[in-house]
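Thank you all for coming; I would like to walk you through one model this morning, going from the overall fold to the core, the charged pairs and the open space. Please have the structure open in front of you as I speak.

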Amino acid sequence: MIKILTFFLITMGVFLLSSFMPDQKLKESITRGKEVYVMYCQNCHMEDGNGTPEINPPVAKADFIKKPASALIDVILKGQSGEVVVNGKKYSAIMPAQDYLTDIQIADVLNYVRNTWGNKVPGTVTPAMVISLRK
């Protein structure tokens, strides 16, 4: 009986610890993503994520950020030109490709943006997702 109870307690402990691991990995990604954002994105999208009015769209509380991760990865890898509508407003500034960023940097910055400034998009962007779209 004691062996069964011990086994049960150890199994539950491992299960509980492993259930918190993805959250910890996401938090670490978000922390790294902030550094990437400050270095490569903040100049246009601003420190507070509100963008530059009439020029660069916001990423804070932005409906655009709710698009599938693959669409966001594609924008970073290939850039974007032409009109884009964010929160009902039109923007037409060109976003150059940021394909020089590593797969980890792209995943991290997207995790940061998708979980900051009032954004809360479920799921985690992974480097593997970026690799699959970089081809």
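Read from the start of the sequence to its end, the chain runs α-α-α-β-β-α-α, which comes to five helices and two strands. I should say at once that this is a predicted model, and everything I describe is computed from its atoms. Of the 135 residues in the chain, 35% count as buried, and among the contacts between residues at least 6 apart in sequence, 56% join residues that are at least 24 apart.

Let me begin with helix H4, which is mostly covered, nine of its 11 residues being buried. Those buried residues are Asp103, Ile106, Ala107, Asp108, Val109, Leu110, Asn111, Tyr112 and Val113, and I would ask you to keep Asp103 and Asp108 in mind, since we shall come back to both.

Several residues of this helix reappear in the largest nonpolar core, which has 30 residues, and in which Tyr37, Ile106, Val109, Leu110, Val113 and Trp117 have the most contacts. Helices H1, H3 and H4, together with strand S1 at 84–86, each supply at least two residues of this core.

Two of these core residues deserve a closer look. Tyr37 is found in helix H1, and it counts as buried because its relative accessible area is 2%, against a limit of 20%. Leaving aside its neighbours within four places in sequence, Tyr37 is in contact with a list of residues that includes His45, Val59, Val109, Tyr112, Val113 and Trp117. Leu110, for its part, touches Leu72, Ile73, Ile76 and Val125, again not counting residues up to four places away. Although Tyr37 and Leu110 are 73 residues apart along the chain, their C-alpha atoms are separated by 8.9 Å.

The contacts of Leu110 bring us to helix H3, residues 69–78, where the buried residues are Ala69, Leu72, Ile73, Val75, Ile76 and Leu77. These pack against helix H4 and against helix H5, which spans 127–134. Just after H3, Gly79 takes a positive phi of about 80 degrees.

Now to the charged pairs. How many salt bridges does a search of the whole structure find? The search finds three, and I will take them one by one.

In one of them, Arg32 pairs with Asp108, the closest N and O atoms being 2.7 Å apart. This pair links distant parts of the chain, with Arg32 in helix H1 and Asp108 in helix H4, 76 residues apart. Is each partner buried or partly exposed? Arg32 counts as partly exposed at 38% relative accessibility, whereas Asp108 counts as buried at 4%.

Another salt bridge joins Asp103 to Arg134, where the closest N and O atoms are also 2.7 Å apart. Asp103 lies in helix H4 and Arg134 in helix H5, so this bridge ties together parts that are 31 residues apart in sequence. Asp103 is buried, with a relative accessible area of 19%, which falls under the 20% limit, while Arg134 is partly exposed at 32%.

The remaining bridge is between Asp74 and Lys78, with the closest N and O atoms 3.0 Å apart. Why might these two be placed to pair? Being four residues apart in helix H3, Asp74 and Lys78 are separated by about one helical turn. In general, an α-helix has 3.6 residues a turn, so residues three or four places apart point the same way. Asp74 is partly exposed, at 29% relative accessibility, and Lys78 is exposed, at 58%.

Finally, the open space. The largest pocket holds about 570 Å³ of space and is lined by 28 residues, of which His45, Pro57, Val59, Val75 and Met95 lie nearest its centre. Helices H1, H2, H3 and H4 and strand S1 each supply at least two residues of that lining. Which classes of residue make up the lining of the largest pocket? There are 22 nonpolar and six polar residues, and no charged ones.

To gather some threads before we discuss: Val75 is one of the buried residues of H3 and also one of those nearest the centre of the pocket, while His45 and Val59, likewise among those nearest the centre, are both in contact with Tyr37.

Definitions and conventions. Residues numbered from 1 in each chain as written. Predicted model: local features only at pLDDT ≥ 70, side-chain atom pairs only at ≥ 80, totals over all residues. Heavy atoms only, no water. Buried < 20%, exposed > 50% of the residue type's maximum accessible area, 1.4 Å probe, protein only. Contact = heavy atoms within 4.5 Å. Salt bridge = Lys/Arg side-chain N within 4 Å of Asp/Glu carboxyl O. Core = buried A, V, L, I, M, F, W, Y, C linked by side-chain atoms within 4.5 Å. 1 Å grid on protein atoms, 1.4 Å probe; cavity = no way out; pocket = protein on both sides within 12 Å on 5 of 7 lines; lining within 4 Å. Points joined across faces, edges and corners; volume = space filled by probe spheres on them. Nonpolar A, V, L, I, M, F, W, Y, C, P; charged D, E, K, R; others polar.
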